[in-house]
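Student: I would like to go through the terms applied to this model and see how each one is justified.
Tutor: Let us take them one at a time, setting each value against its cut-off.

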Amino acid sequence: MELIKSQIRVLIVDDSAFMRMALSRMIASDADLWVVATAASGIEALPKIVLLDPDVITLDVEMPGFDGLETLRRIMAQFPRPVIMVSSVTLKDATSTFDALAAGAFDYVPKQPSSMSLDILDIRDDLIAKIKAAAESRRSRDHPILPRKPPRAADFPLNQVLHSATTIVALGISTGGPTALEEILPLLPGDLPVPILVVQHMPAGFTAPFAERLNNLCAVSVREASPGEVVQMGAVYIAPAGYHMTVDRPTNSRTLIRLSSKPENQMHVPSADVLMQSVASTFHSQAMGIIMTGMGSDGAQGMTAIQREGGFTLGQDEQSCAVYGMPRVCAEMGILDRIVPLLRIPHEILQAARYRKTSVG
């Protein structure tokens, strides 16, 4: 019984019997996880949550009756806990997935448009990692622990004299990223004097609708990056899924975006490391690197490169991260000039770029 008590309890909610079976097998293949039950609908799931008290729920986006979004809202209102959305990569499902993240979902995993073509190995590792991260995030909130060093912004005083004015920002982010970006990018002014290049770990089919969603929320222009386009001030570029994003500076006044599937030895494509290393080698001390919520260590090498070139490195603090993974690695390496809460990040960007609000006559 002790083993079961220590396992992460998972409830699977999906109207497809095939998907319930496939997800159950994936999850049960890990000794740390336990599928306590499955449900074929949101209506069936709600009483099972009360009865079984699962640690994490996987929830289909599209279901008859209560759809995933309505079920999620009821879960969050009545018995909040981490929910991972299982989403197809159609435009409609991608949009619903972002709505679910805004409504409190922890994260999502993509599935094939046809459930019968599901490649179990294709999402198994991703799903298991996210379930474990979700359970850990719940335990951290239920049982707060004393923060580790170095967690506080005060531990990283920013000496502006040491840094050149930032002319470009490279930002790496993963789990919890869509919600975090929806919170901070709308706080930036339309006359932002620097471009921001973003690597957000996402599957194919999600980056374009995500960029469009952000663009509708922001004063700055947000778009999915295109190969060869000229980087403009006050614009935010989201790296498309499946391509590394780098920069090329043929002249001091002209910077171009390059997209490539190489290097191929990266765990993530796009990779924050690849973007940041390119920005560091091109802009040197004028580069700013930001590392935000996410699992793993992507961005650590890139942030190291930016700091080595004399650029400014900023990390999101533990308390405001959905998953304090990527920023923690950088903090423990001692490569962050400053650590701040999520909502402080826009101010830090403006300060580093020496922003002065344009007066209106």
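Tutor: Buried means under 20% relative accessible area, exposed means over 50%, and partly exposed lies in between. Please keep in mind that this is a predicted model.

Student: Why is Arg344 called partly exposed?
Tutor: The relative accessibility of Arg344 is 33%. Partly exposed covers what lies between under 20% and over 50%, so Arg344 belongs in that class.

Student: What makes the contact of Arg344 with Glu348 a salt bridge?
Tutor: A side-chain nitrogen of Lys or Arg must be within 4 Å of a carboxyl oxygen of Asp or Glu. For Arg344 and Glu348 the N to O distance is 3.1 Å, so the criterion is met.

Student: Which class does Glu348 fall into, buried or exposed?
Tutor: Glu348 has 1% relative accessibility and therefore counts as buried. Glu348 also forms a salt bridge with Arg338, with the closest N and O atoms 2.9 Å apart. That pair links distant parts of the chain, with Arg338 in strand S14 (residues 338-340) and Glu348 in helix H12 (residues 345-352), ten residues apart. Arg338 is buried as well, because its relative accessibility is 16% and the cut-off is under 20%.

Student: How do you know that Arg328 and Glu332 form a salt bridge?
Tutor: Their closest N and O atoms are 3.8 Å apart, and the definition asks for within 4 Å. Both residues lie in helix H11 (residues 326-333), and being four residues apart, they are separated by about one helical turn. Arg328 is buried at 18%, whereas Glu332 is partly exposed at 49%.

Student: How many salt bridges does the structure hold?
Tutor: The structure holds 19 salt bridges.

Student: What makes strand S3 and strand S4 a pair?
Tutor: Two strands pair if there are at least two bridges between them. Four bridges join S3 (residues 56-60) to S4 (residues 83-88), so the requirement is satisfied. The two strands run parallel, and Thr58 stands opposite Ile84 in S4.

Student: Why are strands S2 and S5 called edge strands?
Tutor: The open sheet of five strands has the order S2-S1-S3-S4-S5, with parallel pairing. S2 (33-39) and S5 (107-111) each pair on one side only. The twist averages 25 degrees from one strand to the next.

Notes: Residues numbered from 1 in each chain as written. Predicted model: local features only at pLDDT ≥ 70, side-chain atom pairs only at ≥ 80, totals over all residues. Heavy atoms only, no water. Axes fitted to C-alpha atoms, helices over the stretch in contact; angles between N-to-C directions. Buried < 20%, exposed > 50% of the residue type's maximum accessible area, 1.4 Å probe, protein only.
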